[in-house]
Amino acid sequence: MPSPRILRRALFGLLTPPVAILDDVPEDRRPALRIVSRPGAFGPAPRPGPRCVAQRLVLLSYNLQRTYREATVLRSLVEAIEETAPDLLLLQEVPRDLWQHPRLAAIFDPLDLFYAPFHQVERPRGAFRHPEYGQLTASRFPLKNPQVVELPTVTRAGLGRGHVLKRIALLAELPMADGRVLRLAHVHHEPFVWPRGRTPQHAAVLERLPRRDDAVDLCAGDFNASRGVLHEPGLEPWWQEGFEAALPAAGRRDNVDNALVRGHRKLEARRLRRSGSDHPPVLARVEL
C-alpha cells in the first residue's frame with residue numbers, strides 16, 4: 001500500500017501543468033554513473049561468457065517498487081530470473097547495492113552491471129529505507145559506452161525535503177555477431193503527470209537513437225503510460241521512426257512496461273504474473 005506521502009505526490013503531479021519545467025537539482029546531487037562492473041566484481045571470476053549478441057535476445061524488465069516488501073520482491077525476482085534466463089535484465093526502483101544481497105550476488109556476479117540513481121534520500125527511514133533508488137541494467141554480454149541521460153523534469157517533486165528525484169535513461173551498446181550494434185535505452189518515466197506531460201521525456205530518449213542501418217534499437221522499461229503504451233501521445237514519433245511495441249494495449253496496470261524495437265526480424269513478449277511490484281514484469285524475445 002503506497003504511503004500517504006506518495007499518494008499526495010500523485011495528486012500534486014496530476015494537478016501540475018503537463019509542461020517541462022526548469023530543473024532544481026543541486027549540482028552535487030545530479031544522477032551519475034555509480035557502477036559499471038565487470039564479471040567477477042563481487043566474487044571469483046566466472047567462466048568467460050558470450051562476447052556478442054547472436055540471433056536471439058531475451059529481455060526481462062521488472063520494477064521492484066523500491067522493495068517495500070523486500071522478502072516478497074527478492075523471492076519473486078529470483079524466481080523470474082531462474083524461470084526466464086534473460087540475456088538482458090532491466091530493473092527499476094532498485095535500492096543501491098541490491099545486487100550484492102546474499103540472495104542475488106551469485107546471479108549478478110557473472111553479469112555486466114550499469115547503475116545510476118534517480119531518487120536520492122537524505123535521511124533513509126520509513127517507506128524509503130535506502131539512500132538511493134535507481135535503474136540497473138544487467139547483461140550477459142559486454143555493455144559498451146554506458147551513459148546516463150537526464151530526462152526533462154515534467155512535474156515538481158512532491159516528497160518533501162531530503163528527497164532529490166531526477167528521471168533518467170541508461171544507454172549502452174552491445175556488439176552483435178553480424179557486425180551490427182544493439183543500442184539499448186533503459187527508461188523509467190514520470191508516473192505522476194498527465195499522459196502528454198511525458199512527451200519531453202519520450203523525445204529526449206528518441207533523440208539519442210537516430211536511425212542507423214548498422215544498428216538494432218531497443219528501448220524498454222517502465223514507461224508509466226496512463227492509457228497504455230500504445231496510446232501514449234508522446235510515443236507517436238517512435239512509431240513514425242519505425243519502432244514496434246512488443247505488447248499490445250491492455251489495462252492501465254498491465255501496460256506500463258513494454259519494449260520498443262527497430263531493425264529486428266521478429267518480436268514477441270508476455271507479461272509475467274509475479275508479486276513484488278504494482279504491475280507485471282515484461283519478458284520479451286527479439287529475433288535479430
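Which residue in strand 12 is the bridge partner of Ala-220? The legends below start there.

**View 1. Strands 10 and 12 side by side in an open sheet.** Ala-259 is the bridge partner of Ala-220 in strand 12. The model here is predicted, so to speak a calculated picture: local features need pLDDT of at least 70, side-chain atom pairs count only at pLDDT 80 or more, and totals for chains, interfaces and linings use all residues. Residues are numbered from 1 along each chain as its sequence is written, and side-chain values use heavy atoms, with hydrogens and water left out. Strand 10 (residues 215-222) and strand 12 (residues 257-262) run antiparallel, joined by six bridges. Strands here are DSSP runs of E with at least two residues, helices are runs of H or I with at least four, and both are numbered from the N terminus. Zoom out a little and you find six strands in an open sheet, ordered 6-8-9-10-12-11, with mixed pairing; two strands pair if DSSP finds at least two bridges between them. Strand 6 (144-150) and strand 11 (244-245) stand at the edges with a single partner strand each, so one side of each has no neighbour in the sheet.

**View 2. Aromatic pairs, with Trp-99 and Tyr-115 up front.** Rings of Phe, Tyr and Trp (its six-membered ring) pair if their centres lie within 6.5 Å; planes under 30 degrees apart count as stacked, over 60 as edge-to-face and the rest as tilted. That rule gives three aromatic pairs. One of them, Trp-99 with Tyr-115, is tilted, at 4.9 Å centre to centre and 55° between the planes. Trp-99 sits in the loop between strand 3 (88-95) and helix 3 (105-108) and Tyr-115 in strand 4 (residues 112-121), so the pair ties together parts 16 residues apart in sequence. Both Trp-99 and Tyr-115 are buried (buried means under 20% relative accessible area, exposed over 50%, partly exposed in between, with a 1.4 Å probe and protein chains only).

**View 3. Tyr-133 between a ring and a charge.** Phe-128 and Tyr-133 make an edge-to-face pair, 6.4 Å centre to centre with 75° between the planes. Phe-128 and Tyr-133 are both buried. Look for Arg-66 too: its charged end sits over the ring of Tyr-133, 5.5 Å from the centre (a charge counts if NZ of Lys or CZ of Arg is within 6 Å of the ring centre and within 35 degrees of the ring normal).

**View 4. Positive phi at Ala-85 and Glu-93.** Ala-85 has phi near 45°, positive although the residue is not glycine. Ala-85 lies in the loop between helix 2 (70-84) and strand 3, and counts as exposed because its relative accessibility is 54%. Glu-93, with phi near 60°, belongs to strand 3 and counts as buried at 9% relative accessibility.

**View 5. Leu-57 in the largest nonpolar core.** A nonpolar core is a set of buried Ala, Val, Leu, Ile, Met, Phe, Trp, Tyr and Cys residues joined through side-chain atoms within 4.5 Å. The largest one has 32 residues, and Leu-57 is among the members that touch the most others, along with Val-53, Leu-88, Leu-174, Leu-182, Leu-218 and Leu-288. Beyond its neighbours within four places in sequence, Leu-57 is in contact (heavy atoms within 4.5 Å) with residues including Asp-87, Phe-141 and Ala-284. Apart from this core lies another, of 24 residues, among them Val-73 and Leu-98.
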